[in-house]
Amino acid sequence: MNNKVILVVLDGLNHQVAHECMGYLNALIEQDRATLYPIISELPSMSRPLYECLLTGVTPAQSGIVNNDIVRLSHHSSVFSLAKQASLTTAAAAYHWMSELYNIAPYNAVRDRFTQDPSLNIQHGCFYHLDHYPDEMLFLDAENLRQQHQPDFLLIHPMNIDDAGHKFGLDSSQYRNSARRADIILSNYVDVWLQAGYQIMITSDHGMNNDKSHGGILPEERAVPLFVIGEHFSHQPTTMKQTDICGNVCQLLGLTDHDKSYNQDLLIKKPERVIKQSSSINQTVQECK
Ligand SMILES: [Zn+2]
């Protein structure tokens with residue numbers, strides 16, 4: 001059974017905009033190949049605190065990563081560290097704050113932009129530090145990492161949707177169109193990734209408001225999407241928490257030795273009946289002996 005996972009974090013993508021503007025992902029939903037779950041982000045609805053939440057399952061108030069200016073390594077186990085411990089291969093094409101949380105802080109672009117180091121939590125990395133670094137390029141970076149290293153876990157984290165939101169606001173054609181562009185880019189990759197044996201989760205850290213910012217408790221700042229694509233998902237109704245995403249990725253990766261919370265209803269049920277049957281058969285065999 002294949003246990004590889006791609007987690008796409010489309011930075012700053014509001015749930016309603018994702019639902020209304022992403023035609024390709026909606027096509028997969030209409031064909032019963034994908035499911036969209038709404039998620040209410042943890043607080044503050046801000047990037048670095050919620051990267052830590054997505055990758056460790058720990059809320060900002062508990063992790064201490066409570067604003068964007070806290071530049072230090074994470075104090076918690078993450079999808080990256082747990083996967084590395086289990087001898088899985090990790091990779092990320094992501095904003096440089098991911099490198100600072102899980103590899104080395106502060107970020108040094110010359111040293112860290114291209115990372116190849118099996119001893120680090122993110123073993124294969126391509127990091128960027130300009131918010132307008134084109135999503136198209138970022139997805140190419142990610143696909144290059146995937147083809148070169150066949151990672152068990154790949155994080156893909158483009159920034160252009162958030163960047164458009166900060167320049168033009170939630171209710172703007174530019175913000176919506178950046179979501180549409182991300183959807184088109186994804187349409188070029190999803191089937192390739194599925195054929196390569198990946199389960200795919202597409203979500204966001206936080207949403208956006210009309211003040212061209214985010215951080216507070218407004219519904220539009222907190223409502224983010226979670227699209228799931230792949231045969232290991234139940235595609236049944238359930239309520240997903242942002243803090244469960246980390247644990248669900250760990251479950252999909254087949255990591256058993258983790259203490260992260262997760263939502264079992266998001267995943268296909270383990271074939272318990274078969275296991276019980278086979279153990280009772282073993283029992284019978286032993287008794288016969
Ligand atoms: Zn932002």
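His-214 comes out as buried, because its relative accessibility is just 14% and the cut-off for buried is under 20% (exposed is over 50%, partly exposed in between; 1.4 Å probe, protein chains only). His-166, at 32%, counts as partly exposed. The model is a predicted one, with local features needing pLDDT of at least 70, side-chain atom pairs counted only at pLDDT 80 or more, and totals for chains, interfaces and linings using all residues. Residues are numbered from 1 along each chain as its sequence is written, and side-chain values use heavy atoms, with hydrogens and water left out.

Both histidines hold the zinc ion through NE2, alongside two OD contacts from Asp-162, at 2.1 to 2.4 Å. Donors here are N, O and S atoms within 2.8 Å of the metal (3.2 Å for Na, K and Ca); water is not among the atoms, so sites may look incomplete. Along the chain the donors are spaced D-x3-H-x47-H. His-166 sits in helix α9 (residues 160-168) and His-214 in the loop between β7 (198-203) and α12 (219-222), 48 residues apart. Helices (H or I, at least four residues) and strands (E, at least two) are DSSP runs, numbered from the N terminus.

Elsewhere, the whole structure holds 8 aromatic pairs, that is, Phe, Tyr or Trp rings (six-membered ring for Trp) with centres within 6.5 Å; planes under 30 degrees apart are stacked, over 60 edge-to-face, the rest tilted. Tyr-95 and Tyr-128 make an edge-to-face pair, 5.4 Å centre to centre with 65° between the planes. Tyr-95 belongs to strand β3 (residues 90-95) and Tyr-128 to strand β5 (residues 124-128). Both tyrosines are buried.
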